[in-house]
Amino acid sequence: MLLQVILEGLGLGALLVLVCAVGIRKGAVGMVHLYSPAVQRRCVKLGLTSPERIRRNSLLFKAVCIPGYIGYVLVCVYGINGAKGFVQGFWQLLVILSVMNLMDRLLVDGYWVGHTNAWTIPGTEDLKPYITAKDKQKKWIFGTVDMAAIAVVLAAMMTAFIH
């Protein structure tokens, strides 16, 4: 079962990578809502985007990704794996979300954003690294805590719903 849950986490991570790839398909400015406020301001100043477009893209990203990711993990854990009760649901949710978090931190942030030009926005190169050491530290801490909190909430909700 653990291997299956890890594979489901890799699937969720692949969805994250796909969303990012689609978001930057016409240039990284399409995902500038994920960048620091300094990069966002520069992009607006350069006429590459507007505050309204940044806000709209951020809302669209959240409206698509959050329900999509939640739906994915719930289908995997309760639909496919047949978890019953809080403990079964919690550990599976935690593993899936943690694998996705690891992929986000290592593959997306660490490699793709940090070591390729795919996420470079012309005119903002002097603001690199886009993800600073302090940002990485926050993302590791909050990502880990957030994944555990989300797993607790979803497992509790599903346990209440099932019983």
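## Helix α3 and what follows it

Let's start just past the end of a helix: α3 is followed by G82, a residue with a positive phi, near 65 degrees. Everything here comes from a predicted model, so please read the values below as computed ones.

The helix itself, α3 (51-80), has 30 residues and spans 41 Å from its first C-alpha to its last. That is close to the 44 Å expected at 1.5 Å a residue. Its buried residues are I54, N57, S58, F61, C65, Y69, V73, L74, C76, V77 and Y78. Among the elements covering these buried positions are α1, α2 (37-45), α4 and α5.

## The nonpolar core

Next, a look at the interior. The largest nonpolar core holds 40 residues, and Y35, Y78, L93, W119 and I121 have the most contacts inside it. Two or more residues of this core come from each of α1, α2, α3, α4 and α5, with α4 giving the largest share, 10 residues. In soluble globular proteins, nonpolar side chains tend to be buried together.

Y78 ties back to the helix above: it is one of the buried residues of α3. Y35 is worth a visit too. With its neighbours within four places in sequence left aside, Y35 is in contact with A28, Q40, W119, I121 and Y130. Of these partners, W119 and I121 are again among the residues with the most contacts inside the core.

## The largest pocket

Now for the open space. The largest pocket contains about 1,100 Å³ and is lined by 35 residues. L34, F61, D104, R105 and K139 lie nearest its centre; F61 is also a buried residue of α3.

At least two lining residues are supplied by each of α1 (2-23), α3, α4 (85-115) and α5 (133-162). The largest share, nine residues, belongs to α5. By type, the lining divides into 22 nonpolar, five polar and eight charged residues.

## The second largest pocket

The second largest pocket offers about 470 Å³ of space. Its lining has 19 residues, and V22, G23, R25, G30 and N57 lie nearest the centre. N57 is another name from the buried list of α3.

Both α1 and α3 supply at least two residues of this lining, and α3 provides the largest share, seven residues. Here the split is nine nonpolar, six polar and four charged.

Technical notes
Residues are numbered from 1 along each chain as its sequence is written. This is a predicted model: local features need pLDDT of at least 70, side-chain atom pairs count only at pLDDT 80 or more; totals for chains, interfaces and linings use all residues. Side-chain values use heavy atoms; hydrogens and water are left out. On a 1 Å grid over the protein atoms alone, a cavity is a set of points where a 1.4 Å probe fits but cannot get out, and a pocket is an open set with protein on both sides within 12 Å along at least five of seven lines; lining residues have an atom within 4 Å of a point. Grid points are joined across faces, edges and corners, and a volume is the space filled by probe spheres set on the points. Helices (H or I, at least four residues) and strands (E, at least two) are DSSP runs, numbered from the N terminus. Ala, Val, Leu, Ile, Met, Phe, Trp, Tyr, Cys and Pro count as nonpolar, Asp, Glu, Lys and Arg as charged, and the others, Gly among them, as polar. The expected span of a helix is 1.5 Å times one less than its number of residues. Buried means under 20% relative accessible area, exposed over 50%, partly exposed in between (1.4 Å probe, protein chains only). Contact means heavy atoms within 4.5 Å. A nonpolar core is a set of buried Ala, Val, Leu, Ile, Met, Phe, Trp, Tyr and Cys residues joined through side-chain atoms within 4.5 Å.
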